[in-house]
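I opened this entry to keep track of what I looked up in the model. Backbone outliers come before packing and pockets.

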Amino acid sequence: VGLSVGLEYKMYGISAKYETLAGNWLIENHKVSQVSLPVFIKYGSKFYEPQRFIYFGAAYNYNIMLSKTERVDFTEELRNIDLSSDMLNKSNISAFAGFNYMFFHIQAEYVFGNFLSKNLQEEFPDGNSVRTFEGQPQNIIMIKTGLAFPLNSWTSRKWYAIETWLRRLLK
C-alpha cells in the first residue's frame with residue numbers, strides 16, 4: 001500500500017447534437033483544459049519494481065481554458081471558438097480508480113458536476129434571458145488511458161533496458 005500525490009494536465013470534453021428548425025444538425029464539442037492535483041492510494045504486491053498496481057483517489061481540477069468546436073451536417077467545415085472564462089467553472093472535483101502496468105494506465109473517472117457554468121445567463125435584446133449551459137450533462141463518467149512516468153530510479157533503469165534492447169535489435 002502506498003500514497004501518491006501528482007500533477008497532471010487533462011483535456012476532456014462533452015458533445016451535444018442539436019436539430020435546427022430547418023431540420024439540419026448542429027454538433028457542438030466543448031473541451032476544457034485543466035491542471036489537476038490527484039491524491040491516490042496504490043495497492044499491489046511489491047508495486048515499486050514492476051509498477052503494477054491498482055489505485056483509487058480523488059483530484060482537484062483547476063479549469064484553465066474552454067474551447068468549442070461546431071459543425072453543421074451540410075458542411076465538412078469545422079469552426080473553432082475560444083470561449084470566455086465566465087462560461088467555465090473555476091474548478092471541480094473528480095474521483096477515480098484504475099490499473100497501472102509499467103508506463104501505461106487505464107482509469108475510470110467520475111467528475112462531480114460539470115466544468116461548464118450552470119449560472120451563466122445570456123441576455124437578449126428583447127429582454128428575455130436563458131441560462132446557456134443549464135441543460136448540459138452533470139456528473140460525467142469517463143474511461144481514459146495514459147502514460148505515467150514515475151520520478152524515481154525505476155524509470156531510468158527501465159529506459160536504459162529498453163534502449164539497450166533497441167541497440168541490440170538494430171545492430
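I started in the loop between β9 (129–131) and β10, where Asn-139 is placed. This is a predicted model, and in it I read a phi near 55 degrees for Asn-139, a positive value in a residue other than glycine. I then looked up its exposure: Asn-139 has a relative accessible area of 39%, so I entered it as partly exposed.

I went on to Met-102, which is not a glycine either but has a positive phi of about 55 degrees. Met-102 belongs to the loop between β6 (91–101) and β7 (104–111). Its relative accessibility is 27%; buried would need under 20% and exposed over 50%, so Met-102 counts as partly exposed.

Next, the nonpolar packing. The largest nonpolar core holds 13 residues, and I listed those that touch the most other members: Tyr-12, Val-32, Leu-66, Phe-115 and Leu-116. I noted that β2 (8–19) and β10 (140–147) each supply at least two residues of this core.

What does Val-32 touch, leaving out residues up to four places away in sequence? I found Lys-10, Met-11 and Tyr-12, then Asn-63, Met-65 and Leu-66, and finally Leu-88 and Phe-115. Of these contacts, Tyr-12, Leu-66 and Phe-115 are also on my list of the core members that touch the most others.

Apart from the largest core I logged another one, of 6 residues, with Phe-40, Phe-47, Phe-53 and Phe-96 among them.

I turned to the rings. How many aromatic pairs are there? I counted 6. Ring pairs join Phe-40, Phe-53, Tyr-55 and Phe-96 into a cluster. Of that cluster, Phe-40, Phe-53 and Phe-96 also appear in the 6-residue core.

One charge-over-ring entry: the charged end of Lys-17 sits over the ring of Trp-25, and I noted 4.7 Å from the ring centre.

Last, the largest pocket, for which I recorded a volume of about 820 Å³. It is lined by 32 residues, and those closest to its centre are Glu-8, Phe-40, His-105, Leu-147 and Ala-148. I had already met Phe-40 in the ring cluster.

Which elements give two or more residues to this lining? I wrote down β1 (2–5), β2, β3 (25–43), β4 (52–72), β6, β7 and β10. The most comes from β10, with 6 residues. I had also listed β10 as a supplier of the largest nonpolar core, and I closed the entry there.

How values were computed
Residues are numbered from 1 along each chain as its sequence is written. This is a predicted model: local features need pLDDT of at least 70, side-chain atom pairs count only at pLDDT 80 or more; totals for chains, interfaces and linings use all residues. Side-chain values use heavy atoms; hydrogens and water are left out. A nonpolar core is a set of buried Ala, Val, Leu, Ile, Met, Phe, Trp, Tyr and Cys residues joined through side-chain atoms within 4.5 Å. Buried means under 20% relative accessible area, exposed over 50%, partly exposed in between (1.4 Å probe, protein chains only). Helices (H or I, at least four residues) and strands (E, at least two) are DSSP runs, numbered from the N terminus. Contact means heavy atoms within 4.5 Å. Rings of Phe, Tyr and Trp (its six-membered ring) pair if their centres lie within 6.5 Å; planes under 30 degrees apart count as stacked, over 60 as edge-to-face and the rest as tilted. A charge sits over a ring if NZ of Lys or CZ of Arg is within 6 Å of the ring centre and within 35 degrees of the ring normal. On a 1 Å grid over the protein atoms alone, a cavity is a set of points where a 1.4 Å probe fits but cannot get out, and a pocket is an open set with protein on both sides within 12 Å along at least five of seven lines; lining residues have an atom within 4 Å of a point. Grid points are joined across faces, edges and corners, and a volume is the space filled by probe spheres set on the points.
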